[in-house]
Amino acid sequence: MRYRVFLLQLVLLLVCSTVAVAEDQATSELRVAFDPYLAPIQYLEDGEVKGFAIDLMNTIAQRNDITVIYLPMTIQESLQALKDHEVDIILGLHFLDRQTVAVDYTDPYFTSSIGLLVKADDEEIRGMNDLHRKMIAIQRGTLEYEFLRNIRGVRYNTVTNQENGLKLLFQKRTDAFVGDALVTETLLENYGLSDEYTFIGTHLLPIEYSMAVNLGNYSLVRMMNQGLRGMRSDGTYTELYNQWFKDNDFTNLLILVIEVIAVLLVIGLVLFGLAIRWNRKLKREVEKKTKDLAALNRSLKKQMVEERRLREQIIEQEKSRALSRIVAGIAHEIRNPLTSIKTFVELLPRKYNNERFQKEMNTLVPKEIDRLNQLIEGLINYAKPQKINREPVNLDTLLQEILLLFTTAINNKGYEIKSKIDPNCSIEVDRNQLKQVIINLIINAVDAMDEKQSQELLQITINAYQKAENVYIEVIDEGVGMTSEVLHNVFEPFYTTKAKGTGLGLSIAKQFVQENGGRFTIESEQGAGTIVTLIFEKAGGTYK
Ligand code: ADP
Ligand code: MG
């Protein structure tokens, strides 16, 4: 008997559980409890259930081939109905720790925020801190309710939905209303009271709306979550969201404005960044250029020093060339007095007592030595580099010094050298430089006459005279003269028609003349000769 009862019980249990399983699998109807005062998330309009969350739910139901029955009720009622299995799911519940003992939540599908609303002309409540002893309207069982409950000294008037809470504020039965900012805004708009009320802190708390099922009803939670995820991934979610929250002209405008501002901001930031970068780049560039310039400057200075050194070297070389020409020319000039001195010295032991010899030696030897001395002194003066020093120079003295060096050599070549020098001609120049110029001119003149290979008695003339405020120095030769091409190029450095020429004599001469404030003219006739004229201003100072 006992055994039978047990068997019966077992069979019954099996049957029941199979029925339960069958019922669970064949869920083709879903009873959804919802708070209908949460427009535009979920609400009733003319008996029709509407809202973003409703559309989400309908889509999931449709995709799972389920019929949905919507049952509007307060949060408290819906929790009770869920517990009593009168409904399967609650739509639009915030996550509350306290409720996790009784319900399971799906993933959140919508985020909003809690705001504190007061009358626009309210001057007392400026923030949460001013709520002390104030009367607040608030919906029971919500996140904001849980939140405000913990603030001491706040009195609240609880209502069953957002709209009733708001009405309490409209009727001045409370000082403020705390609720979902989005829902509140929608309600204010519906009532046409948007201007009369204002939010103090629109974002007191963020809230997330989820669905809730009885604890352990995993299959339903899974189905809902899969549905939500599916909608998110295939774009349905965004589509519905845009339908509900972006259709509003004002929202669109606001979004547009925000987008424009964002774009402008981005452009501004980019420009700002570019400006900074450009500025930095510019700075770097300037620094680099400055460095380059400094380096260039240094190298230019070095170059200038090097150039000056080269120039001096060239001048010195040209000078030593001229000098060797002079020395070659005057070798016998030195040898002659030396020979006569040597003769006297050799005769000395024998003719020591000869009075005539004594007399001749006494007059001739000092004279020859003097002459030698003068020659050597002139050469040394010319050869040694000297600092440029402009001073009044008497041309007679200077030209006589030069003539002393050249006369014999020129005469020995079979040429005549003549000079006509105004003894009062003085100019302010560097003595050594002018000497070098004139020596060069004389050497050129001799070269030109050599080249002519004439049988006639050729002549070099050196003149110095003054006319008006000027002093003229002329070196005239009867040499080959110049073609117009040669004349055109004579002052070019390194221009020469001579096999052993350097082409530097005249370019250096011109430079020196200019440095000393003078001018240079050349007249030349081919086959007839050349007249080189140097023109200087008269010197005013004392003559040397
Ligand atoms: P170089 O004497 O080394 O040739 P210069 O600068 O002194 O260099 O002279 C350049 C050239 O000018 C000479 O080669 C020569 O052709 C010409 N020249 C200079 N002076 C005379 C002159 N008095 N008569 C003819 N030609 C001259
Ligand atoms: Mg020359």
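Which residue in strand 3 does Tyr-37 stand opposite? The partner is Tyr-43, and that pairing is a handy way into this structure. Before going further, some ground rules: this is a predicted model, where local features need pLDDT of at least 70, side-chain atom pairs count only at pLDDT 80 or more, and totals for chains, interfaces and linings use all residues. Residues are numbered from 1 along each chain as its sequence is written, chains are lettered from A and ligands numbered from 1 in the order in which they are written, and side-chain values use heavy atoms, with hydrogens and water left out.

Back to those tyrosines. Strand 3 covers residues 42-45 and runs antiparallel to strand 2, with two bridges joining them. Strands here are DSSP E runs of at least two residues, helices are H or I runs of at least four, and both are numbered from the N terminus. Two strands count as paired if DSSP finds at least two bridges between them. Together with strand 4, these strands make an open, antiparallel sheet of three in the order 2-3-4. Strand 2 (37-38) and strand 4 (48-50) sit at the edges with a single partner strand each, so one side of each has no neighbour in the sheet.

For a parallel pairing, look at strand 9 (residues 135-139) and strand 10 (residues 155-159), which are linked over five bridges. Ala-137 has Asn-157 as its bridge partner in strand 10. Four of the five residues of strand 9 are buried, so the rest of the structure largely encloses this strand. Buried means under 20% relative accessible area, exposed over 50%, and partly exposed in between, using a 1.4 Å probe and protein chains only.

Now for the aromatic rings. The structure holds 15 aromatic pairs. Rings of Phe, Tyr and Trp (its six-membered ring) pair if their centres lie within 6.5 Å; planes under 30 degrees apart are stacked, over 60 edge-to-face, and the rest tilted. One of the pairs is Phe-52 with Tyr-237, edge-to-face at 5.4 Å centre to centre and 80° between the planes. Phe-52 belongs to helix 2 (residues 52-63) and Tyr-237 to helix 8 (residues 236-245), so this pair ties together parts 185 residues apart in sequence. Phe-52 is buried at 0% relative accessible area, and Tyr-237 also counts as buried, at 11%. Another pair is Phe-344 with Phe-357: the centres are 5.6 Å apart and the planes at 45°, so the pair is tilted. Here helix 10 (residues 331-351) supplies Phe-344 and helix 11 (residues 355-383) supplies Phe-357, so the parts tied together are 13 residues apart in sequence. Phe-52 and Tyr-237 also belong to one aromatic cluster with Phe-110, Tyr-209 and Tyr-241.

What surrounds ligand 1? There are 18 residues around it, the closest being Thr-496, Thr-497, Lys-498, Thr-502 and Leu-506; a residue qualifies if one of its heavy atoms lies within 4 Å. Helix 13 (431-452) and helix 15 (505-515) each supply at least two residues of this shell. Three contacts involve ligand oxygen atoms: a polar side-chain atom of Lys-498 at 2.7 Å, a backbone N or O atom of Thr-502 at 2.9 Å, and a polar backbone atom of Gly-505 at 3.4 Å. A polar contact is a pair of N or O atoms within 3.5 Å. Taken alone, ligand 1 exposes 530 Å², and the protein buries 94% of that (areas by the Shrake-Rupley method with a 1.4 Å probe).

Key:
A polar contact is a pair of N or O atoms within 3.5 Å; within protein, one must be able to donate a hydrogen and the other to accept it, and residues adjacent in sequence count only if both atoms are side-chain atoms.
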